[in-house]
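Visitor: Could you take me on a close look at the part of this structure around the ligand? I am in my first year, so please go step by step.

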Amino acid sequence: MDKPTILIIGAGFTGCALAYDLTLRGFSVTVVDRGEICSGTSGRTHGLLHSGSRYCVNDPEAAVECIEENTILRRIARQCIEFNNGLFLAISEEELAYKETFKAGAEKCGIPIRWMDKKDILSREPAINPQVLGGFEVPDGSFDPLRLALAFAGSARNRGAIFLPFHQVESIHIDGRSSVDFIILTDRHTGRSIEQHADMVINATGAWAGKIAEMAGVNVPVIPSPGVMVAFEKRMSNYVVNRLSLPGDGDIIIPQRRMSVIGTTSFEVNDADYIPVDQGMVKEMVDRAIEMIPAIARVKIRASYMSARPLIQTGTNARSLSRTFKVFDHETDHGLKGFITITGGKATTCRVMAEKTADLVCEKFAWRKTCQTKDFELDSYRTFYNRQA
Ligand SMILES: Cc1cc2nc3c(=O)[nH]c(=O)nc-3n(C[C@H](O)[C@H](O)[C@H](O)COP(=O)(O)OP(=O)(O)OC[C@H]3O[C@@H](n4cnc5c(N)ncnc54)[C@H](O)[C@@H]3O)c2cc1C
């Protein structure tokens, strides 16, 4: 059988990781994006390599995915990661009382944690609020978002994948037999309209997945759930700093090279393309960050920005929606052949999202190739632009 041709829409973490997985399994892959690599949500995240600790009490499914993938990414994507670990701090008595619940959740999800007393914490992180009562050390980390996506994309490209940035999907055409016939793209450099054919089209457009699915006449219940991030001009800690409580607003500080990024909020919108920065939320982030690292009050804000998570609708509000992912098989669900959607999840879980999607693609083509993305370190992110690097 000839190599099946796969068209991936979306060049964020998910689309890039999927391109890598599918090329390793021997498919012929093209990735299109209306912008550059990482021009969607993937270019605007904190860059927190989750250990799963944040979700270990209220969202154990996502927590287990995170710790498993955290361990794999440390091995295959070490070029993009700071192995700096994280702290979950008890600053109030209420947070201290949460200690045993958190410990039980982490143990259940297989996340290695270690209690540190106040003296130990302050000796390692002198800028932390001296009122701190103690905290857990966890295997969080910081990653460089662009490098992570480029490492997957470069590894895919080195194995034959074609990337077409600035190619926007305008419409998806279905033939009489209920399968995707072709899609129409606009080359945004030239304005030219292009008819693109493939044996399988995969919708990896994150928060836009519902809109792309609509073009094919099917429903994907994804809710764009934005969050604000505030970048400060100074690196205030080496650890990723969290609050020892259920996930809330403004409870994370991530060191990103010379900066500190504070996040975040979580609410729902209809249009992922229009998310103005809410100054009230920026103030809330700053106030909450000061509770963790008081000296941040004297540091200049470099930027504040928003982006939208792709969360799968389950009928609850954005903060309580699971951070897990879902592969939608539109043939089984809607009788539409040649079309799959992958959405939800986290940057941290992009590799396994790709694995599960590629497994389904293999099933559709009776293609007996198993996932190899856990086995090799990714090529240098630099090879995306320069294959000699
Ligand atoms: C505020 C915030 C902070 C976060 N922080 C973290 C974190 O610290 N750690 C972590 O693990 N996760 C984090 N996440 C989650 C993570 O960023 C997302 O899950 C991830 O970026 C989604 O990647 P994706 O590739 O699925 O989607 P995207 O990166 O959004 O990619 C989708 C792509 O589809 C393209 N597209 C859309 N429409 C079209 C069209 N018509 N034609 C062609 N292309 C199209 C877009 O341009 C985009 O590039 C955060 C999310 C938010 C909102």
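Guide: Let us begin with three words for sorting residues: Ala, Val, Leu, Ile, Met, Phe, Trp, Tyr, Cys and Pro count as nonpolar, Asp, Glu, Lys and Arg count as charged, and the others, Gly among them, count as polar. With those words in hand, the shell around the ligand can be described as eleven nonpolar, 20 polar and four charged residues. Please keep in mind that this is a predicted model.

Who sits in that shell? Of the 35 residues around the ligand, the ones that come nearest are Thr-14, Asp-33, Ser-42, Leu-48 and Thr-348. Several elements of the fold take part: helix H1 (13–24), strand E10 (167–174), strand E14 (222–232) and strand E18 (301–312) each supply at least two residues of the shell. The largest share, four residues, comes from E18.

Now zoom in on individual atoms. Thr-14 has a polar side-chain atom 2.7 Å from an oxygen atom of the ligand. Thr-41 uses its backbone instead, with an N or O atom 2.9 Å from an oxygen atom of the ligand. Leu-48 also takes part through a backbone N or O atom, which lies 2.8 Å from a nitrogen atom of the ligand. On its own, the ligand has 1,000 Å² of accessible area, and the protein covers 98% of that.

Where is this site in the overall layout? Domain 1 (5–42 + 146–221 + 323–384) and domain 2 (66–139 + 224–312) both give residues to the shell, so the ligand lies between them.

Leu-48 can lead us on to a sheet, since strand E3 covers 48–49. The sheet is an open one of three strands, in the order E3-E8-E4, with antiparallel pairing. Strands E3 and E4 (81–82) stand at its edges, each with a single partner strand, so one side of each is left without a neighbour in the sheet. As background, strands of a sheet pair through backbone hydrogen bonds, either parallel or antiparallel. Here, E3 and strand E8 (residues 141–143) pair in the antiparallel sense over two bridges. One residue to look for is Leu-49, whose bridge partner in E8 is Gly-141.

From E4, follow the chain into the loop that leads to strand E5 (86–90), where you will find Asn-84. With a relative accessible area of 13%, Asn-84 is buried, because buried means under 20%. The side chain of Asn-84 makes a polar contact with the side chain of Ser-142, at 3.0 Å. Asn-85 is in the loop between E4 and E5 too, and it has a positive phi of about 65° although it is not a glycine. That deserves a second glance, because most residues other than glycine have a negative phi, and most peptide bonds are trans.

Phe-166 also has a positive phi, near 55°. You can find Phe-166 in the loop between strand E9 (162–164) and E10, and at a relative accessible area of 28% it is partly exposed.

For an unusual peptide bond, go to Gly-263 and Thr-264, which are joined by a cis peptide bond with omega about -15°. Thr-264 lies in the loop between E17 and H8. Val-269 is in the loop between strand E17 (259–263) and helix H8 (279–292), and it counts as buried at 19% relative accessibility.

Notes: Residues numbered from 1 in each chain as written. Predicted model: local features only at pLDDT ≥ 70, side-chain atom pairs only at ≥ 80, totals over all residues. Heavy atoms only, no water. Near = heavy atom within 4 Å. Polar contact = N/O pair within 3.5 Å; in protein donor to acceptor, adjacent residues only side chain to side chain. Areas by Shrake-Rupley, 256 points an atom, 1.4 Å probe, with all protein chains shown as cover. Domains from an automatic or database assignment. Pairing = 2+ DSSP bridges. Buried < 20%, exposed > 50% of the residue type's maximum accessible area, 1.4 Å probe, protein only.
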